[in-house]
Amino acid sequence: GSLFMGKEKIKDSRILKLYVTERGDAEWNNLAGADFELNKDWATLRFVYFQTDIDYYYHDSDYLEKQQMKAYGMTFNADLGKWFWLSEIGENVFQSADHSGGEYSVLTMMGAVGYRYGAWTPLITVTRYHEHDAGAGYSPISWNTYSLGLRYDLRSNQAFKLEWSKTDDTAGRNSGDTSVLRA
């Protein structure tokens, strides 16, 4: 296990550009958390928790948004030789720093199963992203993604992977349903 703490400041945050058109800085203060991992033969179980105060400063509007965030997560992975399982569940909970607004949270889940056959590894993955909020007038974003992948190990440190993913925009508010083939 480990404990961690600190802060981070990001000028012209790229992640903010996903949500707003103006330039913005992100600053994470009073960040503190812990993770704990248990391993036994074929199984790994990991827990994580952290909290932080977040300041988003938007340049064009000269606006400072203050939030508090808590994040929880758990991972269970199993490696049975040829077969393996990967999974993760997590939740990020946001609230305005002055507690004037509703609580906003994001639930994420992922599960994958794969089979090693020599240099080949087929893999099936399912992920879910779901937002929910206690505030009136909020329209959450959510989607599910289903992926089929095939990996071929060229060398011990090189591989080629072909993956097809289908995303269902279950809330109808994100980018719509998509299919992607990537190599």
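## Salt bridges in a predicted model

The count of salt bridges here comes to 11. Please keep in mind as you look around that this is a predicted model. As background, side chains of opposite charge can pair when their charged atoms come close.

Let's begin with a pair that brings two strands into the picture. The side chains of K7 and E27 meet in a salt bridge, at 3.6 Å from N to O. This pair links distant parts of the chain: K7 belongs to strand β1 (residues 2–10) and E27 to strand β2 (residues 24–40), and the two are 20 residues apart. Is K7 buried or exposed? K7 is exposed, with a relative accessible area of 59%; that value puts K7 in the exposed class because the class takes residues over 50%. The pair also has company, as K7, K9 and E27 are linked in a network of salt bridges.

Two further bridges are worth a visit. R46 pairs with E37, their closest N and O atoms being 4.0 Å apart. R151 and D153 meet through their side chains at 2.7 Å, N to O.

How accessible are the residues of these two bridges? The table gives each one.

| Residue | Relative accessible area | Class |
|---|---|---|
| R46 | 31% | partly exposed |
| E37 | 38% | partly exposed |
| R151 | 39% | partly exposed |
| D153 | 26% | partly exposed |

In the R46 bridge, then, R46 is partly exposed, and its partner E37 is partly exposed as well. For the other bridge, R151 is partly exposed, and D153 is likewise partly exposed.

Notes: Residues are numbered from 1 along each chain as its sequence is written. This is a predicted model: local features need pLDDT of at least 70, side-chain atom pairs count only at pLDDT 80 or more; totals for chains, interfaces and linings use all residues. Side-chain values use heavy atoms; hydrogens and water are left out. Helices (H or I, at least four residues) and strands (E, at least two) are DSSP runs, numbered from the N terminus. Buried means under 20% relative accessible area, exposed over 50%, partly exposed in between (1.4 Å probe, protein chains only).
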